[in-house]
Amino acid sequence: MSFYKEVGAPFGLSEAQSTQMEQGFQTLEKSFHAAEDVNSETFAQSFYQQFETLVKDCGIQEAELEALVNHLYFTQEFQTLVTLIIPSYYTAGGDTQMFEDTYQLMLAELQLEQH
């Protein structure tokens, strides 16, 4: 299924916005893996800011961020990205109530994988 149909359309994005977002997500994930100190607060702030700027530039509103991240978590291609975004948001000092449901789901799945 295309990114537009899987993510863009449900969030009211055009095909062009969807393409921009998909490519931006791929670049963001590559930049995370190329970074040297991904656990630093400075990196986390920069990484999350890049994510937030990208999605807002593509038409996602602040109120839709949590729903988008949750939706992306269930999108196989971008599940890994979500596991990078949420911890970066928290490391950067973000509100722990934001993304809480998705974060709890991530932790539960990690525990299942370890057993």
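**Exercise 1.** Classify how helices α3 and α4 are oriented in this predicted model.

*Solution.*
- Result up front: α3 and α4 are roughly perpendicular to each other.
- Check the angle. Helix α3 (residues 41–57) and helix α4 (residues 65–73) pack at about 100°. Angles of 65 to 115 degrees count as roughly perpendicular.
- Note the spacing: the two axes lie 12 Å apart.
- List the contact. From α3 come Y48, F51, E52 and V55; from α4 come L65, L68 and V69.
- Sort by class: six of these residues are nonpolar, none is polar and one is charged.

**Exercise 2.** Classify how α2 and α3 are oriented, then describe their contact.

*Solution.*
- Take the angle and spacing: about 170°, with axes 9 Å apart.
- Apply the cut-off. Angles over 145 degrees count as roughly antiparallel. So α2 and α3 are roughly antiparallel to each other.
- List the contact. α2 supplies Q20, M21, G24, F25, L28, S31 and F32. α3 supplies F43, F47, Q50, F51, L54, V55 and D57.
- Sort by class: nine nonpolar, four polar and one charged.

**Exercise 3.** Is E22 buried or partly exposed, and which residues does E22 contact beyond its sequence neighbours?

*Solution.*
- Place the residue: E22 sits in helix α2 (residues 15–34).
- Read its relative accessible area: 22%. Buried means under 20%, and exposed means over 50%. E22 is therefore partly exposed.
- Set aside neighbours within four places in sequence. E22 then contacts F3, E77 and F78.
- Add a distance: the C-alpha atoms of E22 and M98 are 22 Å apart, with these positions 76 residues apart along the chain.

Methods. Residues numbered from 1 in each chain as written. Predicted model: local features only at pLDDT ≥ 70, side-chain atom pairs only at ≥ 80, totals over all residues. Heavy atoms only, no water. Axes fitted to C-alpha atoms, helices over the stretch in contact; angles between N-to-C directions. Helix = DSSP H or I, 4+ residues; strand = E, 2+ residues; numbered from the N terminus. Parallel < 35°, antiparallel > 145°, perpendicular 65-115°, else oblique. Contact = heavy atoms within 4.5 Å. Nonpolar A, V, L, I, M, F, W, Y, C, P; charged D, E, K, R; others polar. Buried < 20%, exposed > 50% of the residue type's maximum accessible area, 1.4 Å probe, protein only.
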